[in-house]
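Subject: The structure I promised you

Hi,

Here is the structure we talked about, with the sequence alongside. Have a look first, then read on for what turned up.

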Amino acid sequence: MIKSIAEDTIERTLLGLPLEEAISILKENNLRYEIQEYASLRGIENAEDKRVLRVKINEGCAHIVFSKFLTEI
């Protein structure tokens, strides 16, 4: 199946965004979504900034992988 230009653009737009902002964009575009967290085995203390690492849109559903980052020192 060939991906539409809109889906490709949305995928690129969401990368690196805060998770809540990415979800908002998906809702505005009437796309369903599934979310999966990627966590480091070491863990990062006080990491609370959730950022989108990977996005794949398939059959109208965005599969999002996010991770927590420490962005405030």
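Let me start with a question: is aspartate 49 buried or exposed? Aspartate 49 counts as buried, because its relative accessibility is 17% and the cut-off for buried is under 20%. I'll come back to that residue below. One thing to keep in mind throughout is that this is a predicted model.

**The overall picture**

The protein chain has two helices and three strands, and from the N terminus on they follow the order α-α-β-β-β. Along its principal axes, the C-alpha trace spans about 40 × 20 × 15 Å. Of the 73 residues in the chain, 30% are buried. The chain exposes about 5500 Å², and carbon and sulfur atoms supply 50% of that. If you take the contacts with a separation of 6 or more, 56% of them are between residues 24 or more positions apart.

**How the strands pair**

Strand S3 (residues 61–69) pairs with both of the other strands mentioned here. With S1 (residues 32–37) it runs parallel, joined by six bridges; one place to see this is glutamate 34, which stands opposite histidine 63 in S3. With S2, S3 runs antiparallel, and nine bridges join the two. Here you can look at valine 55, whose bridge partner in S3 is isoleucine 64.

S2 and S3 form a hairpin with two residues between the strands, and glutamate 59 takes a positive phi there, near 55°. Glutamate 59 is not a glycine, and at 61% relative accessibility it counts as exposed. Asparagine 30 also has a positive phi of about 55° without being a glycine. You will find asparagine 30 in the loop between helix H2 (19–28) and S1, and with a relative accessibility of 70% it counts as exposed.

**Two neighbours in S2**

Strand S2 covers residues 49–58, and valine 52 is part of it. Valine 52 is buried, at a relative accessible area of 3%. What does it touch, leaving out residues up to four places away in sequence? The list for valine 52 is Leu14, Leu15, Gly16, Leu17, Leu19, Ala22, Ile64, Val65 and Phe66. Leucine 19 is 33 residues away from valine 52 along the chain, yet their C-alpha atoms are separated by 5.8 Å.

Now move along to leucine 53, which is in S2 as well. Leucine 53 is partly exposed, with a relative accessible area of 39%. Why might two such residues in one strand differ like this? In a regular strand the side chains alternate between the two faces of the sheet. Leucine 53 also belongs to a nonpolar patch on the surface, together with Tyr38 and Phe69, and the three have about 290 Å² of accessible area together.

**Salt bridges**

How many salt bridges does a search of the whole structure find? It finds two.

One of them brings us back to aspartate 49, which has its place in strand S2. Arginine 51 forms a salt bridge with aspartate 49, and the closest N and O atoms are 3.1 Å apart. Arginine 51 is partly exposed, at a relative accessible area of 27%, whereas aspartate 49 is buried. Leaving out residues up to four places away in sequence, aspartate 49 touches Ser67, Lys68, Phe69 and Thr71. Phe69 is also a member of the nonpolar patch with Tyr38 and Leu53.

The other salt bridge is between the side chains of aspartate 8 and arginine 12, at 2.6 Å from N to O. Both residues lie in helix H1 (residues 5–14), four residues apart, which is about one turn of the helix. Aspartate 8 counts as partly exposed at 25% relative accessibility, while arginine 12, at 60%, counts as exposed.

**Where to look**

If you open the model with a few minutes to spare, try valine 52 and the residues it touches, then the salt bridge of aspartate 49 and arginine 51, and then the hairpin of S2 and S3 with glutamate 59.

Cheers

Note on methods. Residues numbered from 1 in each chain as written. Predicted model: local features only at pLDDT ≥ 70, side-chain atom pairs only at ≥ 80, totals over all residues. Heavy atoms only, no water. Buried < 20%, exposed > 50% of the residue type's maximum accessible area, 1.4 Å probe, protein only. Contact = heavy atoms within 4.5 Å. Patch = residues over 30% accessible without salt bridge, like charges linked within 9 Å, V, L, I, M, F, W, Y side chains within 5 Å. Areas by Shrake-Rupley, 256 points an atom, 1.4 Å probe, with all protein chains shown as cover. Salt bridge = Lys/Arg side-chain N within 4 Å of Asp/Glu carboxyl O. Pairing = 2+ DSSP bridges.
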